[in-house]
Amino acid sequence: MGVQGETALQRRIQTYIRSRGGYVHKNWGNMTSAPGIADLTVCYKGIYLALEIKEGNNTPSAEQGIHCRAVQKAGGKTAVVWTMNEVSTLLDLLDEYAAGEIRDGFFDAEFKAAGLDDGTRW
């Protein structure tokens, strides 16, 4: 599918996040943007989320991993997703987190138990 498939997935994800009440900004990568910046900047239930979208066998770059770690260090959340199901699972976890059903120290464990990728291993 390549770039067109990833772009289509990004659009579906943006629409879905907005339908659940989130704010989404598409970050356009070009020669003036910071290296590794996530595809989407999201605010969902008061939570800052840097969301990297991948398609097929694509994996994040080292620069994207650096960006994910910087966001997490600043208190935000990050995720790398390949499917709409992963986005749905992520937002469900963020719903629980925002409602206080998952404490901060346990969010990462729940995130990993759900099979989600936080981008920090890249």
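**Figure 1. Strands β1 and β2 side by side in the predicted model.** Strand β1 (residues 23-26) pairs with β2 in the antiparallel sense, and four bridges hold the count for this pairing. This is a predicted model, so read every close-up here with that in mind. A handy landmark is K26, which stands opposite L40 in β2. As for cover, β2 is mostly tucked away, with four of its five residues buried.

**Figure 2. The β2-β3 pairing.** Moving on from β1, how do β2 and β3 run relative to one another, parallel or antiparallel? They run antiparallel, and five bridges join strand β2 (residues 40-44) to β3. Two partner pairs help you find your way around. T41 has A50 of β3 as its bridge partner, while C43 stands opposite Y48, also in β3.

**Figure 3. The turn of the hairpin.** Zoom in on the link and you'll see that β2 and β3 make a hairpin with two residues between them. K45 sits in that loop between β2 and β3. What is the phi of K45? It is near 55 degrees, a positive value in a residue other than glycine. That one deserves a second look, because most residues other than glycine have a negative phi.

**Figure 4. Strand β3 and its parallel neighbour β4.** On to the pairing with β4: β3 and strand β4 (residues 77-81) run parallel, joined by five bridges. Pick out L51 to get your bearings, since its bridge partner in β4 is A79. Why is β3 largely enclosed by the rest of the structure? Six of the seven residues in this strand (residues 47-53) are buried, so the rest of the structure largely closes around it.

**Figure 5. H67 and its contacts.** Here's a close-up of a histidine in helix α2 (residues 62-73), namely H67. Is H67 buried or exposed? Its relative accessible area is 16%, and because the cut-off for buried is under 20%, H67 counts as buried. Leaving out residues up to four places away in sequence, H67 touches G36, I37, A38 and A50. You've met A50 already: it is the β3 partner of T41.

**Figure 6. Stepping back to the whole chain.** To place the close-ups, here's the overall layout: four helices and four strands, which run α-β-β-β-α-β-α-α from the N terminus on. The C-alpha trace spans about 40 × 30 × 25 Å along its principal axes. For 122 residues, a compact globule would have a radius of gyration near 14 Å, and the chain agrees because its own value is 14 Å. Buried residues account for 42% of the 122 residues. Among contacts with a separation of 6 or more, 59% come from residues 24 or more positions apart.

**Figure 7. Surface and charges.** One last view, this time of the outside. The accessible surface of the chain adds up to about 6,800 Å², and carbon and sulfur atoms own 53% of it. How far apart are the mean positions of the positive and negative charges? With 13 positive and 15 negative charges in the chain, those mean positions are 4 Å apart.

Definitions and conventions. Residues numbered from 1 in each chain as written. Predicted model: local features only at pLDDT ≥ 70, side-chain atom pairs only at ≥ 80, totals over all residues. Heavy atoms only, no water. Rg over C-alpha atoms; globule rule 2.2 N^0.38 Å. Buried < 20%, exposed > 50% of the residue type's maximum accessible area, 1.4 Å probe, protein only. Contact = heavy atoms within 4.5 Å. Areas by Shrake-Rupley, 256 points an atom, 1.4 Å probe, with all protein chains shown as cover. Lys, Arg positive; Asp, Glu negative; His and termini not counted. Charge placed at Lys NZ, Arg CZ, Asp CG, Glu CD. Pairing = 2+ DSSP bridges.
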